[in-house]
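Biologist: I am new to this structure. Please show me how to read it.

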Amino acid sequence: MARLILASSSPRRREILKQVQHNFEIIISDVDETIEEILPPEQVVMTLASKKAHAVAKHYPDAYVIGADTVVYLAPQILGKPANKVAAKQMLVNLSGKTHTVYTGISVIHGSQEETSFVKTDVTFWELSEKEIEHYIQTGEPFDKAGSYGIQGYGATLVKSINGDYFSVVGLPIAKLYRTLQTMGYAFF
Ligand SMILES: Cc1cn([C@H]2C[C@H](O)[C@@H](COP(=O)(O)OP(=O)(O)OP(=O)(O)O)O2)c(=O)[nH]c1=O
């Protein structure tokens, strides 16, 4: 069986991949996530997903290596992970009562083959009171997440509706990834 590597430190991505394949390894390489140019969100997530995959794939040419990246887009701003409580509060105030788009890029590298794509999902938030935002920040959940919320946790209470792929919001569009791997010759069964 071909070696499958998830080049990600995200526990959410690991759990989602486990839903379809138990037999994979996690190998992470430090990647500088700063992007110099101003790029549209889909280019940002594809560029970073590809960078994360390449950083590991160069050491494992026979494996299928997966990289991913997620951002929240509230035009004209790209929201990544908040640096502190003030930034988290600012993001949640901005997201309140509006629809934003979550972009997740995925990249699979196998030898000289590379398939990089993205999935976008619209997420609409309820109007949030200041008290509700303060309380949500107290849960600690916002800090390692793009846009300062996690739909899979307490953050579910902030979300009115989603249009698209739930798993891509959590960080890994598993159906698209599954199909990409199959197209590249990885055998799930
Ligand atoms: C919007 C949203 C994001 N997130 C997470 C997904 C990503 O893990 C994180 C965005 O940061 P990323 O930089 O995409 O990923 P990461 O640093 O966690 O992991 P790695 O680079 O090693 O792969 O935000 C949620 O868990 N739930 C959500 O609802």
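Modeller: We will go through the ligand, its pocket and two backbone features. This is a predicted model, where local features need pLDDT of at least 70, side-chain atom pairs count only at pLDDT 80 or more, and totals for chains, interfaces and linings use all residues. Residues are numbered from 1 along each chain as its sequence is written, and side-chain values use heavy atoms, with hydrogens and water left out.

Biologist: Which residues come nearest to the ligand?

Modeller: A residue is near a molecule if one of its heavy atoms lies within 4 Å of it. Here 21 residues surround the ligand, and Ser8, Ser9, Arg13, Lys52 and Lys81 come nearest. By class, this shell has 7 nonpolar, 6 polar and 8 charged residues. Ala, Val, Leu, Ile, Met, Phe, Trp, Tyr, Cys and Pro count as nonpolar; Asp, Glu, Lys and Arg as charged; the others, Gly among them, as polar.

Biologist: Which elements supply the shell?

Modeller: Helices (H or I, at least four residues) and strands (E, at least two) are DSSP runs, numbered from the N terminus. At least two shell residues come from each of α1 (11-18), β3 (64-74) and α5 (166-170). β3 has the largest share, 4 residues.

Biologist: What polar side-chain atoms lie by the ligand's oxygen atoms?

Modeller: A polar contact is a pair of N or O atoms within 3.5 Å. For Lys81, the distance from a polar side-chain atom to a ligand oxygen is 2.5 Å. For Arg12, a side-chain N or O atom is 2.9 Å from a ligand oxygen. For Ser10, the distance is 3.4 Å. The protein covers 94% of the 610 Å² of accessible area that the ligand has on its own (Shrake-Rupley method, 1.4 Å probe).

Biologist: Where does the ligand sit?

Modeller: On a 1 Å grid over the protein atoms alone, a pocket is an open set of points where a 1.4 Å probe fits, with protein on both sides within 12 Å along at least five of seven lines; lining residues have an atom within 4 Å of a point. A molecule sits in one if more than half of its atoms lie within 2 Å of its grid points. The ligand sits in the largest pocket. β3 gives the most to its lining, with 5 residues.

Biologist: What is unusual in the backbone?

Modeller: Most residues other than glycine have a negative phi, and most peptide bonds are trans. The bond from Ala75 to Pro76 is cis, with omega near 5°. Pro76 is in the loop between β3 and β4. Ser148 is not a glycine, yet has a positive phi of about 70°.

Note on methods. Polar contact = N/O pair within 3.5 Å; in protein donor to acceptor, adjacent residues only side chain to side chain.
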